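Visitor: I should like to understand how this protein holds its ligand and where empty space remains inside. May I put some questions to you?

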Amino acid sequence: MADKKNLRTPIVCVMGHVDHGKTTLLDKIRGTAIVSGEAGAITQHIGATEVPIDVIINKLGDPRLRDRFIVPGLLFIDTPGHHAFTTLRSRGGALADLAIVVVDINEGFKPQTYESLQILKRFKTPFVVVANKIDRIGGWVSQKDLPFAATFKKQSEDVQARLETKLYEVIGELYNQGFAAERYDRVTNFQKTLGVVPVSAMTGEGIPDVLMVLLGLAQKFLEANLHYSAKGPGVGTVLEVKEEKGLGATLDVILYDGTLKKGDTVVIGSLGKPIQTKVRALLKPRELSEMRYESKFKQVNKVTAAAGVKISAPGLEGALAGSPIRVATEETLDEIAAQVKSEIDEVRIDTGSVGIMIKADTLGSLEALVHEFQKDDVPIRKAEVGDISHRDAIEASTVEDPLYSVVIGFNVKVHPDARDFLQESTVKVFTSDVIYRLVEDYQKYVKEQQEQAEKKIFETIIRPGKFKILPGCIFRQSKPAVVGVRVLGGVVRTNADVMLENGNVVGKIKGLQIEGENIPSAGVGKEVAMAIDGATVGRQIKEEDVLYINVPERHAKVLEHEIYDSLSTDEKETLDIFLSLKRKDNPFWAK
Ligand SMILES: Nc1nc2c(ncn2[C@@H]2O[C@H](COP(=O)(O)OP(=O)(O)OP(=O)(O)O)[C@@H](O)[C@H]2O)c(=O)[nH]1
C-alpha cells in the first residue's frame, strides 16, 4: 500500500452555471455518504463536508480499490460556485485542490460554465466535468444511485444515442475552450484528457463515478501538494467573515496545513494592518443528534488540516474574505505578520497613475479580475477589496480619459452617497457577479469610445465640395470678395481653402450667408453668399468659375481610404474629380 502518512484530504470545489445542479450534486454526494456510511462516517465541517475514503470505496462497491487510493477522503466546500473557488486562495494559487464543473447536458454551456473553465485553466486545477441531468434525456429510465456504466446499459439504443449526441456537444464545447475531453471511461490518460461523467444529481446515477475520478485525479496530480505537517502551525484561508449572535464577528476558515488550537495567536489579513488576535473558541457544527443544545456549534480544542472551522476571537471585524490566516508564536509573530501583509499587498494595487479602478468583495475575486484586465493590457489605477465608496467615486472622476474614468465592481455595493455622486459625473461604473461579463462590458465600452473618437475625427475632416460663381452676383470685389455661388457637389464650409480647376488655390472661405444669416456650411443645390479672403474678382476669380474645396492631403486620404463608403453620391463624385485634378501633376497625391 502506498504511503499515507501525513497526507491531507484534498479540497474540492463545485462550480458551474446557475441552476445546472451544483447544490443538488453536493447534497447527493453528502447524502450518499450518510446513507452508505456507518454512523459518524461523514464529518460535517464549517463550510465543508468531509467524505472519508471508506465511504467512497463502499459506494464504489469494490473493496480491492481500497489499496489503490491513498488520500484519506475528499473535503467538499459547501458553497458551490467559482466565487467560493476564487475566495479560497492560497498565495498565488487556488486553495481548492480539485474541482467539479457541472454542466446541464440538455442546456449546454452558459456564461458561468465558461468562466469556471477559465478560472480552472488559469489556476491549473485538475477537474472533472459532470454532464448533469441525464434523467431528463427523452426516454431515460432512471436507475437510482447506479454507476454510469450500469445505468447506461439499461437504456434503449435510442436513448443511448441521444446521450452520446448531447455528450459530444459538451465535449465539442470543451474542445473549443482548449480542452481535450472524452467520456471519462474512455479516457486513457487523465493528464492529457479531461474526463466527462454523465450524471443525474437528482437520481444519483453516475455519482460513484464522479467520486472515483476525483480520487484518481487526487492520486495523479496532487500527492506532492497534499503532504502537510500535522504538527506545524496552522495555515488557512478565510472563507467568510460572519456575524454570529452572541459571538460578534467570526471567521469561517478552511485550514489547509498544520494544526490550529484554541488559544493560538493568529494573524489575519485585513484592509489595514494585519489583525493579530488569540483564538477564543474553535467551533464545529453540532451533529443532528445534539440539536437540543441552544447553540448550533460545539467547541473543539484543535483542528488539523484539511478542515473547515469557525473561529471566534476578539477584533475580527476588519478581516478580509479570501485572506490568509496563520498561526504564530511570540518569536514568529513579526515575520508572519509581514508575510500576511505582503500576501495582501501582492493582490492590491494602488499605483496612483492613470488606469481603471477595480473593487471586489474578496481578495480572490480581486486577484482574478486584476489578472483578466492585465491580460488585456488595461492599466489599473487601483484594485482593492470593498464596496464602491464616495471616495472611490471622486477619485475616478478626477481621471480625464473616459477609458479610465471607470469603476469595475464585482459583487460589491455602491454606497448611496457614491451613487448620487456618480449619477452626476461622467464616471462609468460596471457591476456584475460574473467576472468575464465585466471584462466583456468594459471591452465593449472601450470600443464604443474609440468609435466615438473616430467619429469626432470624421466630423473635423474637411469634406469635398464644388461650387460655381453665379453670374450677376458679385457683391464685393475683394478683401474679402463676396460672391453668390451655387453648390454643385459635396459641401462648402467656412475656413476651407478654395481651388480653381487648374489647381491654383485662390483664397479661404471666410463666411457663408443665406438670406442675410450666417451659416457654417452649405450642401449641394444651395445658393449662398460666400466671402472669400485672399481672392479678387476679376483677378483670380470671375463669374461662372467652378471652384473646389481644397481638401488637405491628410484629409483626402481618410476620405478616400477610410470613409469613402459613407460619403453621399455627389460627395463621392466631387472627391473623385478633385483627386483627379490634384493627381494631374502629382499622381501620388494623397495615395
Ligand atoms: N431532473 C433533474 N433535475 C435536476 C438535476 N440536478 C438538479 N436538478 C434541478 O435543477 C434545479 C437547479 O438545481 P440546483 O442544484 O439548485 O442548481 P445550482 O447549480 O446549485 O443552482 P444555483 O445554486 O442557483 O447556482 C433544481 O430544481 C434541481 O432540482 C438532475 O440531475 N436532474
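Guide: The questions and answers below treat the ligand, the cavities, the domains and some unusual peptide bonds.

Guide: This is a predicted model, in which local features need pLDDT of at least 70 and side-chain atom pairs count only at pLDDT 80 or more, while totals for chains, interfaces and linings use all residues. Residues are numbered from 1 along each chain as its sequence is written, and side-chain values use heavy atoms, with hydrogens and water left out.

Visitor: How many residues surround the ligand?
Guide: A residue is near a molecule if one of its heavy atoms lies within 4 Å of it. Lys22, Thr23, Thr24, Lys133 and Asp135 are the closest. The number of residues that surround the ligand is 15.

Visitor: Which helix gives the largest share of the shell around the ligand?
Guide: Helices are DSSP runs of H or I with at least four residues, strands are runs of E with at least two, and both are numbered from the N terminus. By class, the shell has three nonpolar, seven polar and five charged residues; Ala, Val, Leu, Ile, Met, Phe, Trp, Tyr, Cys and Pro count as nonpolar, Asp, Glu, Lys and Arg as charged, and the others, Gly among them, as polar. The largest share, three residues, comes from residues 22–36, which form helix α1.

Visitor: What distance separates a polar side-chain atom of Lys133 from an oxygen atom of the ligand?
Guide: A polar contact is a pair of N or O atoms within 3.5 Å. Asn132 places a polar side-chain atom 3.1 Å from a ligand oxygen, and an N or O atom in the side chain of Ser200 is 3.2 Å from a ligand oxygen. For Lys133, the distance is 2.9 Å.

Visitor: Between which domains does the largest cavity lie?
Guide: A cavity is a set of points, on a 1 Å grid over the protein atoms alone, where a 1.4 Å probe fits but cannot get out, and its lining residues have an atom within 4 Å of a point. Glu115, Gln118, Ile119, Arg122, Ala368, Glu372 and Ile435 line the largest cavity, and α4 (111–123) gives the most, with four residues. Domain bounds come from an automatic or database domain assignment. Both domains named next give residues to the lining, so the cavity lies between domain 1 (9–221) and domain 3 (347–458).

Visitor: What is the volume of the largest cavity?
Guide: Grid points are joined across faces, edges and corners, and a volume is the space filled by probe spheres set on the points. The whole structure has two cavities of 30 Å³ or more. The volume of the largest cavity is about 50 Å³.

Visitor: Which strand gives the largest share of the lining of the second largest cavity?
Guide: The space in this cavity is about 30 Å³. Its lining includes Gly234, Leu255 and Arg326, and its residues divide into six nonpolar, two polar and one charged. The largest share, three residues, comes from β20.

Visitor: How far apart are the C-alpha centres of domain 2 and domain 4?
Guide: The domain assignment places domain 2 at 233–331 and domain 4 at 463–582. Their C-alpha centres lie apart by 80 Å.

Visitor: In which loop is Pro480 found?
Guide: The peptide bond from Lys479 to Pro480 is cis, with omega near -15°. Lys479 has phi near 50°, a positive value in a residue other than glycine. Pro480 is found in the loop between β26 (465–476) and β27 (481–493).

Visitor: What is omega for the peptide bond from Ala305 to Ala306?
Guide: Ala306 has its place in the loop between β18 (302–304) and β19 (307–312). The bond from Ala305 to Ala306 is cis, with omega near -10°.

How values were computed:
A polar contact is a pair of N or O atoms within 3.5 Å; within protein, one must be able to donate a hydrogen and the other to accept it, and residues adjacent in sequence count only if both atoms are side-chain atoms. On a 1 Å grid over the protein atoms alone, a cavity is a set of points where a 1.4 Å probe fits but cannot get out, and a pocket is an open set with protein on both sides within 12 Å along at least five of seven lines; lining residues have an atom within 4 Å of a point.
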